[in-house]
Amino acid sequence: MDSTMQAVLQFVEENDVKFIRLAFCDVMGTLKNIAIMPSELPRAFETGVSFDASSILGFAPVDKSDLFLFPDAATLSVLPWRPQTGRVVRFFCSVRTADGSPYGADGRHILRRTLRRLADAGYECRVGAECEFYLFERDAEGRPTKRPQDNGGYFDVAPLDRGENVRREICLTLEEMNIRPESSHHEQGPGQNEVDFKHAAPLTAADDVITFKNVVKTVAARNGLYGSFSPKPLADKPGSGMHVNISLARGGRNIFAPGPDGAYSPAMRSFIAGVLARAGEICAFTNPVPGSYARFGSFEAPRYVAWSHQNRSQLIRIPAAPAPEYARIEVRMPDVSCNPYLAFALLLAAGFEGMERKMELAEETPYDLYTANAGALEALPASLEEAIVRAGGSAFVEKVLSADTARKYLALKQAEQNRWFAARDKEKYQDEAYFGVL
């Protein structure tokens with residue numbers, strides 16, 4: 001057992017820890033966990049804790065249902081909303097098979113595998129997520145309603161912004177869990193909020209998105225509210241996205257920073273070209289529910305596969321950077337209902353493929369795509385059904401995720417679509433299947 005594990009065991013002993021949650025995500029990115037007692041932690045580190053994987057969406061069949069959770073010692077976090085006497089801590093876990101090998105549908109493993117490819121080529125990646133969500137009131141029975149908490153707008157302040165205390169509690173809770181929010185504010189929609197995160201290693205960034213969603217749900221409930229990550233909860237209001245900021249360094253230098261002449265490196269241009277080339281194929285993973293496609297094309301959510309500088313109507317924009325270390329690209333397609341491990345893996349793999357193939361980047365489209373004629377620009381899928389079809393024919397998706405994981409995921413998504421097609425009241429079905437869950 002290494003020194004980090006020894007330090008964890010010492011922390012557990014010295015800090016009155018009574019319950020340990022071993023956390024992981026199903027293939028859709030839904031957080032799952034099992035609680036063990038502190039006396040079981042050494043065994044968990046050494047041999048893992050078994051669970052019934054046939055009961056986890058997108059995991060193993062019933063005849064191969066034994067999988068094992070191995071806690072990642074570096075992800076130890078105290079849950080601040082649990083009692084301080086008899087504390088509860090949480091680890092994110094690696095999922096492994098009985099022979100100790102990584103389980104193919106484990107999102108953390110898929111992202112790690114992608115990052116190894118980048119590292120082997122000498123690149124270090126950083127990712128920062130901007131996460132939007134709504135706060136809704138609950139009814140007398142505690143059920144979520146679609147009544148927003150307030151009627152505030154972009155960057156509003158109290159009393160029009162009634163979410164500032166909830167955002168404050170969310171950010172302070174995240175800080176207690178060693179997660180660093182960079183900023184928070186009221187967004188455009190009534191009851192809509194945003195928390196942005198400082199750039200981090202992609203695996204940490206994905207872990208932080210999962211933690212963030214859990215914290216928002218928990219803090220909102222403690223305040224009598226419902227925190228919703230539905231990408232389009234209100235038909236005539238802005239949708240909620242997850243803008244993904246990406247930078248790439250080699251030899252300690254940010255290769256996304258412009259040179260002395262203001263030009264971008266061929267590597268950066270090819271990275272952007274790679275993401276654009278695969279955008280339609282990966283949409284079913286970055287935008288996994290029907291509401292994801294209702295979000296596209298309005299309120300600063302992209303519709304077309306294009307890029308530009310500072311332009312929020314584009315799929316990829318290059319934000320203004322006051323210094324080289326802040327240079328990055330912003331991918332504006334994903335939303336927070338996605339599995340961030342799969343989404344980050346696919347985005348990074350697409351960019352890296354562009355670099356490997358030295359793809360040429362098309363000219364930027366420096367105009368407002370909400371009002372201008374899009375001309376011959378490729379459109380993103382118009383529905384989840386279309387996105388499933390495009391992903392199902394993608395050798396690239398199968399290469400990044402594995403053919404088995406891609407098939408499982410897309411089969412589950414198609415089953416969701418079939419239930420939607422069969423529903424007589426489609427709005428009611430979407431509320432039950434997505435709004436009350438996401």
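**Exercise 1. In this predicted model, work out how helices H3 and H8 run relative to each other.**

Step 1. Start with the geometry: helix H3 (residues 107–120) and helix H8 (residues 340–356) pack at an angle of about 20 degrees, and their axes are 9 Å apart.

Step 2. Hold that angle against the cut-off: angles under 35 degrees count as roughly parallel. H3 and H8 are therefore roughly parallel to each other.

Step 3. Add the handedness: H3 makes a left-handed crossing with H8.

Step 4. Now see who touches whom. H3 brings Gly107, Arg108, Ile110, Leu111, Thr114, Leu115, Arg117 and Leu118, and these meet Tyr341, Leu342, Phe344, Ala345, Leu348, Ala349, Phe352 and Glu356 of H8. Sorted by class, this contact has 11 nonpolar, two polar and three charged residues.

**Exercise 2. Do the same for helix H9 and H11: which way do they run?**

Step 1. Helix H9 (residues 384–392) packs with H11 at an angle of about 155 degrees, the axes being 10 Å apart.

Step 2. The cut-off here is the other one: over 145 degrees counts as roughly antiparallel. So H9 is roughly antiparallel to H11.

Step 3. On handedness, H9 passes H11 in a left-handed crossing.

Step 4. On the H9 side you'll find Leu384, Glu385, Ile388, Ala391 and Gly392, while H11 offers Leu410, Lys413, Gln414, Gln417 and Phe421. That contact splits into five nonpolar, three polar and two charged residues.

**Exercise 3. Describe the largest pocket: what is its volume, and which residues lie nearest its centre?**

Step 1. The volume comes out at about 840 Å³.

Step 2. Its lining has 42 residues, with Glu130, Glu182, Asn245, Arg328 and Glu330 nearest the centre.

Step 3. Map the lining onto elements: strand S7 (123–138), strand S9 (181–186), strand S10 (192–197) and strand S12 (242–250) are the ones giving two or more residues.

Step 4. Count by class, and you get 17 charged, 13 nonpolar and 12 polar residues in the lining of the largest pocket.

**Exercise 4. Turn to the second largest pocket: which helices each supply at least two residues of its lining?**

Step 1. Get the volume first: about 600 Å³ for the second largest pocket.

Step 2. There are 23 lining residues, and Gly29, Thr30, Lys213, Val437 and Leu438 are the closest to the centre.

Step 3. The helices asked for are helix H5 (202–222), helix H11 (403–422) and helix H12 (426–435).

Step 4. To finish, the lining of the second largest pocket breaks down into 13 nonpolar, six charged and four polar residues.

Definitions and conventions: Residues are numbered from 1 along each chain as its sequence is written. This is a predicted model: local features need pLDDT of at least 70, side-chain atom pairs count only at pLDDT 80 or more; totals for chains, interfaces and linings use all residues. Side-chain values use heavy atoms; hydrogens and water are left out. On a 1 Å grid over the protein atoms alone, a cavity is a set of points where a 1.4 Å probe fits but cannot get out, and a pocket is an open set with protein on both sides within 12 Å along at least five of seven lines; lining residues have an atom within 4 Å of a point. Grid points are joined across faces, edges and corners, and a volume is the space filled by probe spheres set on the points. Helices (H or I, at least four residues) and strands (E, at least two) are DSSP runs, numbered from the N terminus. Ala, Val, Leu, Ile, Met, Phe, Trp, Tyr, Cys and Pro count as nonpolar, Asp, Glu, Lys and Arg as charged, and the others, Gly among them, as polar. Axes are lines fitted to C-alpha atoms, for helices over the stretch in contact, and angles run from 0 to 180 degrees between N-to-C directions. Angles under 35 degrees count as roughly parallel, over 145 as roughly antiparallel, 65 to 115 as roughly perpendicular and the rest as oblique. A crossing is left-handed if the near helix is turned anticlockwise from the far one by less than a right angle, and right-handed if clockwise. Contact means heavy atoms within 4.5 Å.
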